[in-house]
Amino acid sequence: MDHTETGRRSDARTVGVQAVEDAMRRALELAAEGPAHGPNPRVGCVLLDPAGRTVAEGFHRGAGTPHAEAAALAAARAAGADPRGTTAVVTLEPCAHHGRTGPCADALIEAGVAAVHVAVADPNPVATGGADRLRAAGIEVTTGTLAEEGEELLRPWLHAVRTGRPWVTLKLATSLDGRVAAPDGTSRWITGSAARAHAHRVRAQVDAIAVGSGTVLTDDPSLTARTLDGGLFEHQPLRVVVGTRAVPDGARLRGPGGPLLHLPTHDLDEVLRTLGEREVRHLLVEGGPTLATALLAAYAVDELHAYVAPVLLGAGASAVAPFGVTTIGEAARLATRSVTRLGDDVLLVARRAPTQNGRPARPTKEEI
Ligand SMILES: NC(=O)c1ccc[n+]([C@@H]2O[C@H](COP(=O)([O-])OP(=O)(O)OC[C@H]3O[C@@H](n4cnc5c(N)ncnc54)[C@H](OP(=O)(O)O)[C@@H]3O)[C@@H](O)[C@H]2O)c1
């Protein structure tokens with residue numbers, strides 16, 4: 001391939017590795033400013049001149065708005081800068097398809113960028129191929145720059161696109177002895193206000209939130225994402241009820257908040273497939289114990305958010321019921337990712353190690 005014809009390759013070489021990595025860090029920061037919910041990935045883009053200085057930046061603000069690359073090119077032009085000969089540093093491989101907006105690969109080619117650095121290759125079968133298209137146009141493309149950080153930012157989205165099922169976060173709010181309710185069934189509130197406020201912020205970042213019908217009938221939750229003053233966050237997740245019993249007419253779930261989806265089944269494969277088809281990328285499951293246990297037994301929990309309060313109940317429903325573990329070697333063990341103090345409570349975030357097919361599984365005995 002004749003790169004000299006375009007005169008781009010020599011420009012690209014002048015941007016050093018350090019400048020590209022710094023720009024990728026910035027692009028990841030920008031990407032994180034986009035909404036965590038929605039069908040589209042969070043993407044950031046930084047354009048560098050041949051000396052490694054930032055020409056313009058952009059990020060994707062959600063479905064229907066310009067992609068990060070288009071936003072950065074527009075910002076460059078708005079500032080009177082010529083994107084020709086720049087190096088584009090992008091957190092996700094530029095798309096090659098006509099979706100709600102045109103292909104980003106074409107926009108970069110038309111703008112005359114010299115090189116493109118990508119953190120994560122696009123696994124989306126309808127959008128992939130951007131890197132090849134760029135290369136075919138004589139543009140140098142490097143993938144894998146800060147790949148781990150890029151994968152982490154896009155974790156739920158990547159998982160959903162790769163498997164066709166949402167990333168499942170199981171939330172448990174328990175006493176120190178692992179209980180979610182007192183013997184009389186009361187459970188409000190085990191955790192304090194800081195933990196509850198945190199959980200509401202998480203709700204505002206996910207696409208859907210699910211409970212079993214037992215929780216609907218016992219607690220009559222609204223499953224809305226609420227701000228500290230009790231108002232509603234702008235984004236309200238889809239509210240999903242799993243179970244055969246009907247959602248009562250007067251249930252809070254039918255009030256203000258996200259749309260309600262009742263799935264009258266116990267088949268969790270079907271539930272996750274249905275949600276995947278609706279482009280739910282991140283599902284937050286808020287119980288109760290029966291649904292939580294069924295998900296654990298089906299190896300369908302990708303991440304656990306355990307809000308643990310320094311409260312002892314001694315009796316009452318446990319967060320999870322028996323799910324086949326008879327000896328310690330069979331325990332579902334998770335790897336702690338973070339521990340955060342929230343008022344008097346603690347939030348433990350943990351994940352299972354993924355298996356080869358992308359689904360979480362129990363570790364082997366050798367790993368314990
Ligand atoms: N502290 C917390 O974090 C927390 C959170 C939520 C709930 N809770 C407490 O949990 C208690 C309710 O417990 P729960 O276990 O009844 O709640 P649940 O898990 O929300 O609901 C259980 C029901 O879900 C349906 N279901 C859906 N998928 C199922 C499956 N794969 N296998 C079996 N059943 C399935 C069944 O109802 P159908 O017969 O209708 O099919 C089942 O009876 C309440 O006391 C509530 O306060 C606490």
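Biologist: In what order do the eight strands of the open sheet stand, and what kind of pairing do they have?

Modeller: This is a predicted model. In it, the eight strands follow the order 9-8-7-10-6-11-13-12, and their pairing is mixed.

Biologist: What makes strand 9 and strand 12 the edges?

Modeller: Strand 9 (260-263) and strand 12 (335-342) each have a single partner strand, so one side of each has no neighbour in the sheet. From one strand to the next, the twist averages 20 degrees.

Biologist: How do you know that strand 8 and strand 9 pair?

Modeller: Two strands pair if there are at least two bridges between them. Strand 8 (residues 238-242) and strand 9 are joined by four bridges and run parallel. Within strand 9, leucine 260 is the bridge partner of arginine 239.

Biologist: Which helices lie across strands of this sheet?

Modeller: Helix 8 (residues 193-203) lies across several strands, including strand 6, strand 7 and strand 13 (345-351), and runs at about 35 degrees to strand 13. Helix 11 lies across strand 6, strand 7, strand 8 and strand 10, at about 135 degrees to strand 6.

Biologist: Which residues come nearest to the ligand?

Modeller: There are 28 residues around the ligand, and Gly212, Gly214, Gly243, Gly287 and Gly288 come nearest. Two or more shell residues are given by each of strand 6 (167-174), strand 7 (208-212), helix 9 (213-219) and helix 11 (289-297). Helix 9 gives the most, with five residues.

Biologist: How do the residues of that shell divide into nonpolar, polar and charged?

Modeller: Twelve are nonpolar, 13 are polar and three are charged. Glycine counts as polar here.

Biologist: What is the order of the other open sheet, the one with five strands?

Modeller: The order is 2-1-3-4-5, again with mixed pairing. Strand 2 (54-59) and strand 5 are at the edges, since each has a single partner strand and so one side without a neighbour in the sheet. Neighbouring strands of this sheet are turned by 15 degrees against each other on average, direction ignored.

Biologist: What makes the pairing of this sheet mixed?

Modeller: Strands of a sheet can pair either parallel or antiparallel. Strand 1 (residues 44-48) pairs with strand 2 in the antiparallel sense over five bridges, and with strand 3 in the antiparallel sense over four. Strand 3 (residues 87-92) and strand 4, by contrast, pair in the parallel sense over five bridges, and strand 4 pairs with strand 5 (residues 140-143) in the parallel sense over four. Both senses occur, and the sheet is mixed.

Biologist: Which residues stand opposite each other in these pairs?

Modeller: Leucine 47 stands opposite alanine 56 in strand 2, and cysteine 45 has glycine 58 as its bridge partner there. Leucine 48 is opposite threonine 87 in strand 3. Alanine 88 is opposite valine 116 in strand 4, and valine 118 has threonine 143 in strand 5 as its bridge partner.

Biologist: Where is the residue with a positive phi in the hairpin of strand 1 and strand 2?

Modeller: Glycine 52, in the turn, has a positive phi of about 85 degrees, and five residues lie between the two strands.

Biologist: Why is strand 1 called largely enclosed?

Modeller: Five of its five residues are buried, so the rest of the structure largely encloses strand 1. Gly44, Val46 and Leu48 are buried on one side, and Cys45 and Leu47 on the other. Strand 4 (residues 115-120) is mostly covered, with six of its six residues buried.

Biologist: Which residue does UniProt list for "active site"?

Modeller: The unreviewed UniProt entry lists Glu69. Glutamate 69 is in helix 3 (residues 68-78). Helix 3 lies across strand 1, strand 2 and strand 3, at about 140 degrees to strand 2.

Biologist: Is glutamate 69 buried or exposed?

Modeller: A residue is buried if 20 or more other C-beta atoms lie within 10 Å of its own. Glutamate 69 has 31, so it is buried. Beyond its neighbours within four places in sequence, its contacts include Cys45, Gly58, Ala88 and Leu108.

Biologist: Is alanine 78 buried or exposed?

Modeller: Alanine 78 also lies in helix 3. The limit for exposed is 12 or fewer. Alanine 78 has 9 other C-beta atoms within 10 Å, so it is exposed. Its C-alpha atom is separated by 9.5 Å from that of alanine 56, 22 residues apart along the chain.

Notes
Residues are numbered from 1 along each chain as its sequence is written. This is a predicted model: local features need pLDDT of at least 70, side-chain atom pairs count only at pLDDT 80 or more; totals for chains, interfaces and linings use all residues. A residue is near a molecule or strand if its C-beta atom, placed from the backbone, lies within 6 Å of it. UniProt positions are given in the numbering used here, feature names are shortened, and annotations may be inferred rather than shown by experiment. Two residues are in contact if their C-beta atoms, placed from the backbone, lie within 7 Å. Axes are lines fitted to C-alpha atoms, for helices over the stretch in contact, and angles run from 0 to 180 degrees between N-to-C directions.
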